[in-house]
Amino acid sequence: MSANAIALWYLLASVLFILALKGLSHPLTARRGNRFGIFGMTIAVLVTLAITRRVDFAIGALAIGGIIGYLVAKRVEMTQMPELVAGMHSLVGLAAVLIAMAVVSNPSAFGIPEPLPTGNRVELFLGTFVGMMTFSGSIIAFGKLAGLGKQFRLFSSAPVVFPGQQLTNLVIALVMLALGVMFVIARPGGEWVPFLLMTGIAFVLGILIIIPIGGADMPVVISMLNSYSGWAASGIGFSLNNPLLIVAGSLVGSSGAILSYIMCKAMNRSFFSVILGGFGGAEGATAGSAEQKSVRSGSPDDVAFLLGNAESVIIVPGYGLAVARAQHAVKEMAQKLISKGVNVRYAIHPVAGRMPGHMNVLLAEAEVPYDQVFEMEDINGDFGTADIAFVLGANDVVNPLAEEKGSPIYGMPILEAHKARTVLVNKRSMASGYAGIDNPLFYLDKTMMVFGDAKKVVEDIVKAIE
Amino acid sequence: MHGVVVDPIITNLTVFVLAIFVGYHVVWTVTPALHTPLMSVTNAISSVIVVGAILASGPGPFNGGSVLGTIAVALVAINTFGGFLVTERMLEMFKKKEPAKRDAGRKEDGVKK
């Protein structure tokens, strides 16, 4: 195959990847988009196999990885998607590092002259350190998301902070840069020491950057690592002079960056404050003051009565709902209400869940039709005319304090559940949310609290709706 | 080099910058409801790095580089297959349009009665 033919095949694959992302603009075109992506990847792999001198190892490795990937994709629970995605980011990062090492050990295999030219070294350095930080950072993110904090303290979902943390990170980053420079200017044969040291330090830095970030900020972290894994692929594309890797990497990199931005915006936090960490996990900090105020609480039967007599109900699901695995029960409840002529809709806050769009997937899994599910901007205006807002396992995202100046969450966009005629809230207890602040919504005269496990409560409501 | 040949780094940079713009504009059109599938499919797409891994695995003579390359192929193939498959699985859930229509029908029945 001529170099031009290869380049044209790679161009076709790049276009197919762009179409894959484009398809996600609507649920109806999304599957076709995914097929484009698969098609593009098939072309890329086949063309590469065709130009590789020895393919037996590669095909064997593809088969092994493919089988593992198949099994994982079939078995993973939808609640575990954040862990899966974090784990996959780490694999891309590690692969980038391994490829960079292979290039350093044998540049001629990639058509790169020996000794390595300076430009290639800079690219290899960038690809390797971004790849390594993606690898170790994603492992920490995976541990935090999978709740392995009890087994291993670094995986704690509470921020791990120590004095001088940011200074330490800065010093380590500078040492890494210095080693990178040494690698770039090293004499032939002397590349390995600075290269391996730099790789090791990037590994440590990846860990240190993620441990201070609390559980509430995980949607940002996972998007950020998504972005990194793309940049790592791009970096390798530069070293190998491969436009396909550069294009695919930049698509992924910008996608992750946009998602990080959207998540930060939805939490009203600046990207830097998330990175610096220390936020979240301080649960119950001000929960003590809650006891003085009185709340009205009711039973599932009361809720069923109110819901049955309402004309329009907006359900606000939060992560607590997913933790309790109550999605199916909620769908059943909605189904029953709809059959009684009640207009039931779902309102989704961008950070409802552990990763962007997580709650939508969880509801889709419970077979909630997506045309009943609305994004915050589309439904916020309708709370005022709704009879009931039913908040299930959500807290900070419906906290009206966000509209009051001086509150710690001032400016955070919220679902305006407090504007509904009646507000029903299911929570396990009066404990505060991730932001650690009290929620005045719970003390309104029109609010009724239903305490208990979301699944149990909703199942009881389903039974009580006649 | 001769004043007419552009250094490949510049060509790569051109591709890189333009691809970021394309990515930026395409990703903003993605509906927020599909942000999780977006992450899993971008994950699968970033596994195109498997191209580099395959090249690393088979330069001909067997050496340290080809071992590293082979390991990289196996690791990233998990993403290639797993990423697209799990995306397909999720999108399958969003596809189910039939229950929605049935619900709408049932709702109308309820109103009529």
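**Exercise 1. A loop asparagine**

Task: Is A:Asn241 buried, partly exposed or exposed?

Solution: The relative accessible area of A:Asn241 is 42%. Buried means under 20%, and exposed means over 50%. A:Asn241 is therefore partly exposed. Keep in mind that this is a predicted model.

Next, place the residue. A:Asn241 sits in the loop that joins helix H8 (218-239) to helix H9 (243-267) of chain A. Now check its backbone. Its phi is positive, about 55 degrees, although A:Asn241 is not a glycine. Most residues other than glycine have a negative phi.

**Exercise 2. A loop glutamate**

Task: Where in chain A does A:Glu367 lie, and what is its phi?

Solution: Start with the location. A:Glu367 belongs to the loop between helix H14 (358-365) and strand S3 (373-375) of chain A. Then take the backbone. A:Glu367 is not a glycine, yet it has a positive phi of about 65 degrees. Finish with exposure. A relative accessible area of 36% makes A:Glu367 partly exposed.

**Exercise 3. Following one helix**

Task: What length would you expect for helix H13 of chain A, and what does the model give?

Solution: Helix H13 covers residues 327-339, which is 13 residues. The expected span is 1.5 Å times one less than the number of residues. For H13 of chain A that comes to 18 Å. From first C-alpha to last, the helix reaches 18 Å, close to the expected value.

Now look at burial. The buried residues of H13(A) include A:Ala329, A:Val330, A:Met333, A:Leu337 and A:Ile338. A:Gln327, A:Lys331 and A:Gln335 are also among them. Then step past the end of the helix. Just after H13(A), A:Gly341 takes a positive phi of about 90 degrees.

**Exercise 4. Chain A as a whole**

Task: Why does the radius of gyration of chain A agree with a compact globule?

Solution: Count the residues: chain A has 466. A compact globule with that many would have a radius of gyration near 23 Å. Chain A has 25 Å, which agrees.

Add the dimensions. The C-alpha trace of chain A spans about 75 × 50 × 35 Å along its principal axes. Then the contents. Chain A holds 16 helices and 6 strands. Of its residues, 59% count as buried. Finally, the charges. Chain A has 32 positive and 31 negative charges, and their mean positions lie 6 Å apart.

**Exercise 5. Chain B and two of its residues**

Task: How many helices and strands does chain B have?

Solution: Chain B has 5 helices and 0 strands. From the N terminus, the order is α-α-α-α-α. Of its 113 residues, 54% are buried. Its accessible surface is about 4,900 Å², and carbon and sulfur atoms provide 70% of that.

Task: Which residues does B:Val41 contact, leaving aside neighbours within four places in sequence?

Solution: First locate it. B:Val41 lies in helix H2 (residues 35-46) of chain B. Its relative accessibility is 2%, so it counts as buried. In chain A, it contacts A:Leu21, A:Leu24 and A:Asn34. In chain B, it contacts B:Phe84 and B:Thr87. B:Thr87 is 46 residues away along the chain, but the two C-alpha atoms are separated by 6.0 Å.

Task: Is B:Thr70 buried or exposed?

Solution: B:Thr70 is part of helix H4 (residues 64-95) of chain B. Its relative accessible area is 16%, so B:Thr70 is buried. Beyond neighbours within four places in sequence, it touches A:Phe57, A:Ala61 and B:Ser57.

Conventions
Residues numbered from 1 in each chain as written. Chains lettered and ligands numbered in written order. Predicted model: local features only at pLDDT ≥ 70, side-chain atom pairs only at ≥ 80, totals over all residues. Heavy atoms only, no water. Helix = DSSP H or I, 4+ residues; strand = E, 2+ residues; numbered from the N terminus. Rg over C-alpha atoms; globule rule 2.2 N^0.38 Å. Buried < 20%, exposed > 50% of the residue type's maximum accessible area, 1.4 Å probe, protein only. Lys, Arg positive; Asp, Glu negative; His and termini not counted. Charge placed at Lys NZ, Arg CZ, Asp CG, Glu CD. Areas by Shrake-Rupley, 256 points an atom, 1.4 Å probe, with all protein chains shown as cover. Contact = heavy atoms within 4.5 Å.
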